[in-house]
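Here is a short report on one protein model. Keep the sequence and the 3D view side by side as you read.

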Amino acid sequence: MQDKVRDQLNRPLRDLRISVIDQCNFRCQYCMPAEIFDDSFPFLKKDELLTFEEIVRITTLFAKLGVEKIRITGGEPLLRKDLHILIQAITRVEGIQDIALTTNGVYLPKYAAELKKAGLQRVNISLDSLDDEKFAMINGRGVSTKPVLKGIHAAKEAGLGVKINMVVKKGMNDDQIIPMAIFCKNNGVQLRFIEFMDVGSTNGWANDQVITMQDIMGMLTEHFRLETQNPDYFGEVAKRFRYKDSDIDVGFITSVSQSFCSSCTRARISANGQLFTCLFNGKGHDLRHTLRDGSMDEEILRQIERIWRNRENRYSDERFTDRKQNVEKVEMSYIGG
């Protein structure tokens, strides 16, 4: 395809991640720690969330600038009522070729079939441990793995593509790396190991808690024979490997140890309608106000194009420099992953 717009580092705009809600039924330590996101936490009111019509309008505008892939995130996006209606509307947007969803999987037994029928193609399901006690501690709600495993099964039964996301943190679940690899390989689903990242300011991130791709590969190669896979497209985030005795991949999201800023093609819309050009931004650009103040599509299109053309973000390249210490960052619950 011909790129419509490129940023200051010559990166095209091809992916849009849209958070539809900031609430979640889990309180995972690395995202929404329960001591911060308690019963008194001021979640967004209904009128602060973008409507489905506004989300479709934004998607249409981004598609005109080259976006082909949409990922729906949260919070937990399946807490947003009638999400299948939004999915169906997005499938009709000219230029959109791929629609995916990131979820903790608990509600997939209820919704997987209608989401697939509406046009959803893939789901990424978060599962950080197969050990019930450990998983209950991680999710902060005492929930066992059973509802998530049912969700994985429901997604596969519905015909959705399935990947498992596992955030790995030292002392939290690093003993689950091999059990998770075995489980995903045996069940024919791709596993993504995600390095513990410093998204937001409430998850207590420290570099010495990061288990890197190199660390994990050292463990995997003691049990499996792996071969490197080439990227499927420019901007593919995961570094992928294939088990030599199967057609199943395992991948790594290496934001900390091996930055992929140079090929980042992703923009993000937060649950309250802010445009972020980096996962680690502190402040976004207020599209919700623009959508609601009577601005014409061409005006908004020019605004988005200007924002992307001025984009210089490369946080992961600069994470450990003085200029990036103690910077304000948006919370994961507003912006998804």
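## A glutamine in a helix

Gln-303 has its place in helix H9, which covers residues 297-309. The model is a predicted one. Is Gln-303 buried or exposed? Its relative accessible area is 15%. Buried means under 20%, so Gln-303 counts as buried.

Which residues does Gln-303 touch, leaving aside those up to four places away in sequence? They are Asp-286, Leu-287 and Thr-290. Thr-290 is 13 residues from Gln-303 along the chain. The C-alpha atoms of Gln-303 and Thr-290 are separated by 9.4 Å.

## The sheet from edge to edge

Now turn to the strands. The model has an open sheet of 12 strands, and its pairing is mixed. Read across, the order is E7-E8-E9-E6-E5-E4-E3-E2-E1-E10-E11-E12. At the edges stand strand E7 (226-228) and strand E12 (285-286). Each has a single partner strand, so one side of each is left without a neighbour in the sheet.

## Strands E2, E3 and E4

Start with strand E2, residues 69-73. E2 pairs with E3 in the parallel sense, over four bridges. One place to look is Lys-69, whose bridge partner in E3 is Asp-98. Helix H2 (residues 83-91) joins E2 and E3 in a right-handed β-α-β unit.

Strand E3 spans residues 98-103. Five of its six residues are buried, so E3 is largely enclosed by the rest of the structure. E3 also pairs with E4 in the parallel sense, again over four bridges. Thr-102 has Asn-124 as its bridge partner in E4. Thr-103 stands opposite Ile-125 in E4. Another right-handed β-α-β unit is made by E3, helix H3 (residues 108-118) and E4.

## Strands E4, E5 and E6

Why is E4 described as largely enclosed by the rest of the structure? Four of its five residues are buried, so the description follows. E4 covers residues 122-126, and E5 covers residues 161-168. The two run parallel, with five bridges joining them. Ile-125 has Ile-164 as its bridge partner in E5. Helix H5 (residues 146-158) packs on the sheet and touches both E4 and E5. The direction of H5 makes about 170° with that of E4. Back between the strands, Ser-126 stands opposite Asn-165 in E5.

E5 has six buried residues out of eight, so this strand too is largely enclosed by the rest of the structure. How many bridges link E5 to strand E6 (residues 190-195)? There are six, and the pairing is in the parallel sense. Lys-163 finds its bridge partner, Gln-190, in E6. E5, H6 and E6 make a right-handed β-α-β unit.

## An asparagine in strand E5

Find Asn-165, which lies in strand E5. Its relative accessible area is 12%. The cut-off for buried is under 20%, so Asn-165 is buried.

What does Asn-165 touch, not counting residues up to four places away in sequence? The list is Thr-102, Asn-124, Ile-125, Ser-126, Leu-127, Asp-128, Arg-192 and Ile-194. Some of these names have come up already. Thr-102 and Asn-124 are bridge partners, while Ser-126 is the residue opposite Asn-165 itself.

## Two helices that cross

Two packed helices are described by the angle between their axes and the distance between the axes. Apply that here. Helix H6 (residues 177-186) and helix H7 (residues 213-220) pack at an angle of about 65°. Their axes are 10 Å apart. That angle makes H6 roughly perpendicular to H7. The crossing of H6 and H7 is right-handed.

Which residues meet where H6 and H7 pack? From H6 come Ile-177, Ile-178 and Ala-181. From H7 come Ile-216, Met-219 and Leu-220.

Terms used:
Residues numbered from 1 in each chain as written. Predicted model: local features only at pLDDT ≥ 70, side-chain atom pairs only at ≥ 80, totals over all residues. Heavy atoms only, no water. Pairing = 2+ DSSP bridges. Contact = heavy atoms within 4.5 Å. Axes fitted to C-alpha atoms, helices over the stretch in contact; angles between N-to-C directions. Buried < 20%, exposed > 50% of the residue type's maximum accessible area, 1.4 Å probe, protein only. Right-handed = clockwise from strand over helix to strand, strands pointing away. Parallel < 35°, antiparallel > 145°, perpendicular 65-115°, else oblique. Left-handed = near helix turned anticlockwise from the far one by under 90°.
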